[in-house]
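Open the model in your viewer and keep the sequence panel beside it. We will go from one selection to the next, and at each stop I will say what is there.

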Amino acid sequence: MNIVSRINNIKQTLPAGVRLVAVSKYHPASLIQEAYDGGQRIFGESHVQELVAKYEVLPKDIEWHFIGHLQTNKVKYIAPFISLIHAVDSEHLIKEIDKQAKRCQRTIPILLEVHVAKEETKYGFTPDELLAFMESGTWQQYTNVSIAGLMCMATNTDDETLIASEFERAYQLFKQIKEKFSPVTGEPDGICSWGMSNDYLIAVAHGSNMVRIGSLIFGERVY
Ligand SMILES: *Cc1c(COP(=O)(O)O)cnc(C)c1O
């Protein structure tokens, strides 16, 4: 099956209003072009250099999303064109995105990453940290950044009940934050970015309206 039919098959399983980010990391620009020619416009990358190289050779109406862990010293390279930064997990990073967005005279939408998985990781706000950060109100000073929603990853497991409970946790948190702070600018409903190749159907059953799918579209990645 080719890339375009795989994308179309996935899209048929997505409820209306759920957006598909085609995760193209480690795959060549030619495959992205193939997906683009079939109508796909949103692509996700997780390495700055790779993203910039692809941005330069591919059509300019692609909506590029940065989905990986972003280092502050690299924000400047993607600030001119990035459509959405998914995994923002510190005020330090928000501050730098704001600074670079100002330089480019744009507002950059971001998602805050919440750590709901059982697995240990150094990335993501815990739910408590996220609430405390929103309560602090310090995010309001970053006028060239708009907090458009949340992003999370579930535990990498076959236990679907566990995965569902993690996504549900993120969704309840999203609703709580949205109701209290409505930080959502330019995104009427707010963005809930969760669900990958192996768990996206569980994700959409638990509030996701943006799924990030790689291997199901492009095949296994060769690192
Ligand atoms: C690689 C990656 C994905 C896509 O993973 P697949 O299992 O290939 O669908 C989604 N989200 C993030 C943050 C990733 O790094």
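Start by selecting strand E4, residues 84-88: five of its five residues are buried, so the strand is mostly covered, where buried means under 20% relative accessible area, exposed over 50%, and partly exposed in between (1.4 Å probe, protein chains only). The element names come from DSSP runs, numbered from the N terminus: helices are H or I runs of at least four residues, and strands are E runs of at least two. This is a predicted model, in which local features need pLDDT of at least 70 and side-chain atom pairs count only at pLDDT 80 or more, while totals for chains, interfaces and linings use all residues. Residues are numbered from 1 along each chain as its sequence is written, and side-chain values use heavy atoms, with hydrogens and water left out.

**Neighbours of E4**

Add strand E3, residues 63-66, which pairs with E4 in the parallel sense over two bridges; two strands count as paired if DSSP finds at least two bridges between them. Zoom in on Phe66 and you will find Ile85 of E4 opposite.

Now add strand E5, residues 108-113, which runs parallel to E4 and is joined to E4 by two bridges. Here Val88 stands opposite Leu112. To follow the chain from E4 to E5, select helix H5, residues 91-103: the path goes through this helix, and the β-α-β crossover is right-handed. Right-handed means that, with the strands pointing away from the viewer, the path from the first strand over the helix to the second runs clockwise.

Before leaving this region, pick Gln105 in the loop between H5 and E5. Gln105 has a positive phi of about 50° although it is not a glycine. Most residues other than glycine have a negative phi, and most peptide bonds are trans. With a relative accessible area of 75%, Gln105 is exposed.

**On to E2 and E1**

Next, select strand E2, residues 42-45. Ile42 and Gly44 point one way, Phe43 and Glu45 point the other way, and all are buried. E2 runs parallel to E3, and four bridges join them. Look for Ile42 with its bridge partner Glu63 in E3, and for Gly44 with His65 in E3. Helix H3, residues 48-57, makes a right-handed β-α-β unit with E2 and E3.

Then bring in strand E1, residues 19-23, which pairs with E2 in the parallel sense over two bridges. Val23 has Gly44 as its bridge partner in E2. Show helix H2, residues 29-37, as well: E1, H2 and E2 make another right-handed β-α-β unit.

In the loop between E1 and H2, stop at Tyr26. Its phi is near 70°, a positive value in a residue other than glycine. Is Tyr26 buried or partly exposed? Tyr26 is partly exposed, with a relative accessible area of 32%.

**The nonpolar core**

Select Ile78, Ile110 and Leu112. In the largest nonpolar core, which has 64 residues, these three touch the most other members. Helix H7, residues 160-181, gives the most to this core, with eight residues. A nonpolar core here is a set of buried Ala, Val, Leu, Ile, Met, Phe, Trp, Tyr and Cys residues joined through side-chain atoms within 4.5 Å.

Which residues does Ile78 touch, not counting those up to four places away in sequence? They are Val48, Leu51, Val52, Phe66, Leu70 and Ile85, with contact meaning heavy atoms within 4.5 Å. A second, separate core has nine residues, including Val21, Leu84, Ala87 and Ile191.

**The ligand**

Now select the ligand and show the residues around it, among them Val23, Lys25, Ile67, Met151, Ser197, Arg212, Gly214 and Arg221; each has a heavy atom within 4 Å of the ligand. Three distances are worth displaying, each a polar contact, that is, a pair of N or O atoms within 3.5 Å:

- A polar side-chain atom of Lys25 lies 2.6 Å from an oxygen atom of the ligand.
- An N or O atom in the side chain of Ser197 is 2.5 Å from a ligand oxygen atom.
- A backbone N or O atom of Gly214 is 2.8 Å from an oxygen atom of the ligand.

**Last stop**

Finish with Asn9 in helix H1, residues 3-13. Asn9 counts as partly exposed, at 39% relative accessibility. Draw a C-alpha to C-alpha distance to Ile217: the two are 208 residues apart in sequence and 9.6 Å apart in space.

How values were computed
Polar contact = N/O pair within 3.5 Å; in protein donor to acceptor, adjacent residues only side chain to side chain.
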